[in-house]
Amino acid sequence: MAKAIAACILGLEGVELTPEERKFFSDIQPLGFILFRRNIETPEQVKALVASLKALVDHEALILIDQEGGRVRRLRPPHWPEYPAAGRYAEVTNDPNEERELVRLGARLMAHDLADLGINVDCAPVLDVQQPDAHEIVGDRAYGHTPQDVAIMGRAACEGFLAGGVLPVIKHIPGHGRAGADSHMDLPCVDAKLDDLMRGDFYPFQVNADMPIAMTAHVLYRAIDKRNPATTSKKCLKIVRDVIGFDGLLVTDDLSMNALSGTLGKRAKAAVRAGVDVVLHCSGQMAEMKQVVHETPKLKGESLRRARAAIKRILRVHEPLDIIDARARFDVVLARGQEAVTKVDPTESQAS
């Protein structure tokens, strides 16, 4: 008889599982795992690690990674190609139709890289609408400055990922673009009126509300909830479900981020009470994971239904792709803006 699934996604320490991790994950049965640079060396090593993770659980595990392109990417040369940040696409073409095609192609190529390793979830695309006076944590990770551009290009990216057998994660719902602080370090507080949030920040998520997974924002929206950030706010998550219309699997951003307060166990408990389906913890530190798991329920009811529905969205037969031709076409267009330089991830712990 299959074991019950824990409503959590967890990280791990290194490039292979330790005996303690094997026993812990086998006992806990988390819904999935997330990989970081510390877990990655070569394609062969990653494939072996992913296979060993999947073998530990009785269900189809979700294997996540942050592979947006630009400064947020875990797979890097020389083993994997570079991809541009989301904001770069608009720099290389003035034709929105060509831009949309290029965004989809980039996501399709990334999905090819990930699926080859056994990774079935990418924590992308970012659907935050970039604001000129906001913190740079979003910056060029956004597809544009208007809700319409972000919605269109975000959907194109989602289509590319899905066509290659990889689930996209739309983030950071209901919108991180106005945040004046980096939620890895502090709690961002947004003072915009609800009408402005609905017309701007929420719109890309409404357009893409049919996607299988969304990641919450550790952002406090004072017009909705004066005390709690979205991740732990019943009021905010009700808007995510009832106004934005998202009925997919709702996952927290990393519980370790400093925007949240209290112990890791209290953070997990508060997020689940607020209405998230699954909590995410990324550090791979065993003592921390035990705190999180202690307050994490088993998946059941609507949350279990959403998890199963997400897994069913993973294509078993991928859209045909001539990888050599596709990558050549992609590189030719990107070469138009060669002066843009890819940045490096500011922190290895950055989960989103």
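Me: Which side chain meets Glu 159 in a salt bridge?

Reply: A salt bridge here is a side-chain nitrogen of Lys or Arg within 4 Å of a carboxyl oxygen of Asp or Glu. For Glu 159 the partner is Arg 104, at 3.8 Å from N to O. Bear in mind that this is a predicted model, where local features need pLDDT of at least 70 and side-chain atom pairs count only at pLDDT 80 or more, while totals for chains, interfaces and linings use all residues. Residues are numbered from 1 along each chain as its sequence is written, and side-chain values use heavy atoms, leaving out hydrogens and water.

Me: Where do Glu 159 and Arg 104 lie?

Reply: Helices (H or I, at least four residues) and strands (E, at least two) are DSSP runs, numbered from the N terminus. Glu 159 sits in helix α4 and Arg 104 in helix α3 (residues 96–117), so their salt bridge ties together parts 55 residues apart in sequence.

Me: How many salt bridges are there by this rule?

Reply: The count is 26. Another one joins Asp 140 to Arg 71, with N to O at 3.1 Å. Asp 140 is in the loop between β6 and α4, and Arg 71 is in the loop between β4 (67–69) and β5 (72–73), so this pair ties together parts 69 residues apart in sequence.

Me: Is Arg 71 buried or exposed?

Reply: Buried means under 20% relative accessible area, exposed means over 50%, and partly exposed is in between (1.4 Å probe, protein chains only). Arg 71 counts as buried because its relative accessibility is 9%. Its partner Asp 140, at 29%, counts as partly exposed.

Me: In what order do the eight strands close into a barrel?

Reply: For strands to pair, DSSP must find at least two bridges between them. The barrel order is β1-β2-β3-β6-β7-β9-β11-β12, with parallel pairing. Take β3 (residues 62–65) and β6 (residues 121–122), which pair over two bridges. Leu 64 has Val 121 in β6 as its bridge partner.

Me: Which strands does helix α4 touch?

Reply: Contact means heavy atoms within 4.5 Å. Axes are lines fitted to C-alpha atoms, for helices over the stretch in contact, and angles run from 0 to 180 degrees between N-to-C directions. Helix α4 (residues 147–163) packs on the sheet and touches β6 and β7 (167–173), its direction making about 150 degrees with that of β7. Helix α1 (residues 19–28) lies across β1 (6–10) and β2 (30–35), and runs at about 150 degrees to β1.
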